[in-house]
Amino acid sequence: MSSGNTERQLQFMEDLGSTIICCTPSYAANLGEAVTERGLKDKLKLKAGIFGAEPWTEEMRRNIEETLGIKAYDIYGLTEISGPGVSFECEEQAGMHIQEDHFIAEIINPKTGEALPEGEIGELVFTCITKKAFPLLRYRTRDLCRLSRKKCSCGRTHVRMMKPKGRSDDMMVVKGVNVWPSQIEAVLLKQGYQANYQIVVDRIGNHDTIEVQVELTPEMAENPTLSIAEREKKIVTALKSMLGIRVDVKVVDPKTITRSEGKAVRVVDNRHLYQ
């Protein structure tokens, strides 16, 4: 995301008095970062945001809500099904209600295709009930989540899908361990970093390597309380606790990692395993 685009977006929202924003969560996080840097939070009239199209954690939600001063809602959809709006969060923010008058949802084991009991995490599958021109039966989304039919305090009765934890095809097997980018993101956000990071996976000889590059926030850079080496060591320890393997960490200056206006590119896998 270029600084020029950021300036224009913020100026449009301020001039028009925008109250709702809809985009990817990574783009919202980038806007929130710019709002904080420019001290524009009180000048914007935003009340809520609708974010989807890529996985995002609860830690990232809280970060977006704080920096933009809004309530952040999750939306889910697929171009193949009907686009955005297959499911949407209510005011409780406790899962997205699926439009069951249009879709039948199931959770399956991504390896065997076996249907899983309610509450278990697996791959989300949809069958379209009302779609005519391009009907789909048991369409595999590759998104990993769980379903719940527990009564929601909002009063709606449609089944809820919990926030996807990632995709079955996004999962990396590194040093024999299953690793999802969302796990790494959760660790970084809990330690006060923004959602500006990149994961670089490589193979040297027969050994996998994994490095996480993460930016300092402007506040961390201006008022250092820890050295870069101390910060890296702290993140390495937290990631080892989360993943069970050692991950190399490189803390870089603010604005070092390329921003994206669409879906963020979080993983660079140089192993070329399937070529």
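1. In this predicted model, strand 7 (residues 122–128) is largely enclosed by the rest of the structure, because 7 of its 7 residues are buried. Strand 7 has a paired neighbour in strand 6 (residues 103–108), with which it runs antiparallel over 6 bridges. Within that pairing, E106 stands opposite V125 of strand 7. Strand 7 is also joined to strand 8, again in the antiparallel sense, by 4 bridges. Here E123 is placed opposite L144 of strand 8.

2. A further point concerns the open sheet. Its 7 strands follow the order 1-2-3-4-5-10-9, and their pairing is mixed. Strand 1 and strand 9 (147–148) form the edges, each pairing on one side only. Inside the sheet, strand 2 (residues 48–51) and strand 3 run parallel and are joined by 4 bridges. One residue pair of this kind is F51 with D74, the latter lying in strand 3. As a general remark, side chains in a regular strand alternate between the two faces of the sheet.

3. L78 deserves a separate comment. This residue belongs to strand 3, which spans residues 71–78. L78 counts as buried because its relative accessibility is 9%, below the 20% limit. Apart from neighbours within four places in sequence, L78 is in contact with G83, V86, F126, Y139 and T141. F126 lies within the residue range of strand 7, 122–128, while G83 and V86 fall in the range of strand 4, 83–89. Y139 and T141 fall in the range of strand 8, 139–145. By comparison, the C-alpha atoms of L78 and Y193 are separated by 30 Å, the two residues being 115 apart along the chain.

4. The largest pocket holds about 1200 Å³ of space. It is lined by 47 residues, of which A53, E54, P55, R167 and D170 are the closest to its centre. Which element gives the most to this lining? Strand 3 does, with 5 residues. Several other elements supply at least two residues each, among them strand 1 (20–23), strand 4, strand 8, strand 11 (166–167), strand 12 (172–174), helix 4 (181–190) and strand 17 (267–269). By residue class, the lining of the largest pocket comprises 23 nonpolar, 11 polar and 13 charged residues.

5. The second largest pocket has a volume of about 310 Å³. Among the 19 residues that line it, those closest to the centre are W56, T57, E58, K163 and P164. Helix 3 (58–68) and helix 4 are the elements that give two or more residues to this lining. Helix 4 is also listed among the elements that supply at least two residues of the lining of the largest pocket. The lining of the second largest pocket divides into 7 nonpolar, 5 polar and 7 charged residues.

6. Finally, the cysteines. How many disulfides does the model contain? The count is 0. C23 takes part in no disulfide, and the nearest cysteine sulfur, that of C22, lies 6.9 Å away. C90 is likewise in no disulfide; for this residue the nearest cysteine sulfur belongs to C154, at 3.7 Å. Neither pair meets the criterion, because a disulfide requires sulfur atoms within 2.5 Å. As for accessibility, C23 counts as buried because its value is 16%. C90 counts as buried because its relative accessibility is 4%.

Conventions
Residues are numbered from 1 along each chain as its sequence is written. This is a predicted model: local features need pLDDT of at least 70, side-chain atom pairs count only at pLDDT 80 or more; totals for chains, interfaces and linings use all residues. Side-chain values use heavy atoms; hydrogens and water are left out. Buried means under 20% relative accessible area, exposed over 50%, partly exposed in between (1.4 Å probe, protein chains only). Contact means heavy atoms within 4.5 Å. On a 1 Å grid over the protein atoms alone, a cavity is a set of points where a 1.4 Å probe fits but cannot get out, and a pocket is an open set with protein on both sides within 12 Å along at least five of seven lines; lining residues have an atom within 4 Å of a point. Grid points are joined across faces, edges and corners, and a volume is the space filled by probe spheres set on the points. Ala, Val, Leu, Ile, Met, Phe, Trp, Tyr, Cys and Pro count as nonpolar, Asp, Glu, Lys and Arg as charged, and the others, Gly among them, as polar. Two strands pair if DSSP finds at least two bridges between them.
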